[in-house]
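Please open the model in the viewer and keep the sequence panel visible. The tour below proceeds by selection, with a short account of what each selection shows.

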Amino acid sequence: MLKYCKNCGAKIGDTFDSCNICGETERLIPTFGTKAGAFGKALLYVFCFLFFQAAVSLAYSIYYGIMAGAGAYGDITEAELLKMVNSHLSEVFIISAALTVVFFCIVFAIRKKSLVKRIKSNVSPGGVGILVVMLGAVLNYITVIISSFLPISDEVLNQHEETYSAMGEGSPMLVLLAVVALAPIVEELVFRALAFGTMRKVMPLGAAIAISALVFGISHGTAISFVYATVLGALLAYFYEISGSFWVPVLLHFGFNFGSLLVALTPEGSLILYALILFAATVLAVMLGAVCIVYYTKRQVKTAEN
């Protein structure tokens, strides 16, 4: 991809921060082709992630289809076979997430570039990390409350519940690993660090956030999840931009997904109890976060003095 210096018009590679001809550093204007190329590259990162998910899911479906055809499960209906496949969705995500990370590591190694520096994973969020986690849980609670007042049709609601209830089937430990641990890390790697990061180089902040958020929302499948995932995606991209740390959106995403599990485990009609628990946890998090911030600040001062 190329940039063009607004001052002298010279072509500048995307790895340079200033013009080699006139030395201009603040007026580098990317062309339309550069922006389109960045958008295409961002989509390619996302498609790689979705491809591994589809490939692993297809492999599981083929395996169980062959086993069912061979009579390994007796007289089984198509609905029962689908339920068996769905019970392994957590495993599908774990395997596809691992393949995605390995693939990107290989790609960056071949290109002789540092994935760690590219995604800013070497930058610590410091003492605010625990507060970011709690903010994610609060955002999830707000999402649940707002959605409960919206006029959502039963058909749309049932589609959403069927899609995400399937992810909760299977081993609780695998569900926890997939939804709470791996999903925030791998999705932030793909959608924020790589996709958003690529577009941010050549696009205004608002455009890069909006496009990456829409792609993030679309990838979640259902109409309900598209709405909240798009809003969440915009917040995650903004936090990534202002913090300069990959771990800040990861922790926010972790808190949001963990909040989803808390909502799922809360008995029906007990959202008030959940709200009180969340409030108490938030107060505790603020207290612990304040201690962490003080400790982190003192450590930074000592490091600077040394």
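Which residues have the most contacts inside the largest nonpolar core? In this predicted model, they are Phe104, Ile119, Leu189, Val190, Phe191, Leu194 and Phe246, within a core of 43 residues.

**The whole chain**

Begin with the entire chain in cartoon view. The protein chain has 306 residues, of which 35% count as buried. It contains 11 helices and 3 strands, and the pattern read along the sequence is β-β-β-α-α-α-α-α-α-α-α-α-α-α. Among contacts with a separation of 6 or more, 71% are between residues 24 or more positions apart. Switching to a surface view displays about 16900 Å² of exposed area, 69% of which is supplied by carbon and sulfur atoms.

**The largest core**

Next, colour the elements that give two or more residues to the largest core: H1, H3, H4 (115–119), H5 (129–149), H7, H8 (205–218), H9 (223–243) and H10 (247–265). H7 provides the largest share, 11 residues. In general, nonpolar side chains tend to be buried together in soluble globular proteins.

Select Leu189 and show its surroundings. Leaving aside residues up to four places away in sequence, Leu189 touches Val101, Phe104, Leu115, Ile119, Leu194 and Phe246. Apart from the largest core lies another core, of 5 residues, and Val56, Tyr60, Tyr64 and Val85 are among them.

**Helix H3**

Now select residues 89–110, which form helix H3. Its 22 residues reach 31 Å from the first C-alpha to the last, close to the 32 Å expected at 1.5 Å a residue. Show side chains for Ser90, Val92, Phe93, Ile94, Ser96, Ala97, Thr100, Phe104 and Phe108, which are buried in H3. An α-helix has 3.6 residues a turn, so residues three or four places apart point the same way. After H3 comes Lys112, whose phi is positive, near 55°.

**Aromatic pairs**

Display the rings of Phe, Tyr and Trp; 13 aromatic pairs are counted when ring centres must lie within 6.5 Å. For Phe49 and Phe191, the centres are 6.0 Å apart and the planes stand at 85°, so this pair is edge-to-face. The pair links distant parts of the chain, with Phe49 in helix H1 (residues 32–69) and Phe191 in helix H7 (residues 172–200), 142 residues apart. Are these two rings buried or exposed? Phe49 counts as buried because its relative accessibility is 2%, and Phe191 counts as buried because its value is 1%.

Move next to Phe103 and Phe104. Their ring centres are 5.7 Å apart with planes at 55°, so the pair is tilted. Phe104 is buried, with a relative accessible area of 1%, whereas Phe103 is partly exposed at 32%. Extend the selection to Tyr45, Phe51 and Phe52: ring pairs link these residues with Phe103 and Phe104 into a cluster.

**Charges over rings**

For the last stop, which ring lies beneath the charged end of Arg111? The charged end of Arg111 sits over the ring of Phe108, 5.5 Å from its centre; Phe108 is one of the buried residues of H3. Then select Lys120 and Tyr240, where the charged end of Lys120 sits over the tyrosine ring at 5.1 Å from its centre.

Notes:
Residues numbered from 1 in each chain as written. Predicted model: local features only at pLDDT ≥ 70, side-chain atom pairs only at ≥ 80, totals over all residues. Heavy atoms only, no water. Helix = DSSP H or I, 4+ residues; strand = E, 2+ residues; numbered from the N terminus. Expected span 1.5 Å × (residues − 1). Buried < 20%, exposed > 50% of the residue type's maximum accessible area, 1.4 Å probe, protein only. Contact = heavy atoms within 4.5 Å. Areas by Shrake-Rupley, 256 points an atom, 1.4 Å probe, with all protein chains shown as cover. Phe/Tyr/Trp six-rings, centres within 6.5 Å; stacked < 30°, edge-to-face > 60°. Lys NZ or Arg CZ within 6 Å of the ring centre and 35° of its normal. Core = buried A, V, L, I, M, F, W, Y, C linked by side-chain atoms within 4.5 Å.
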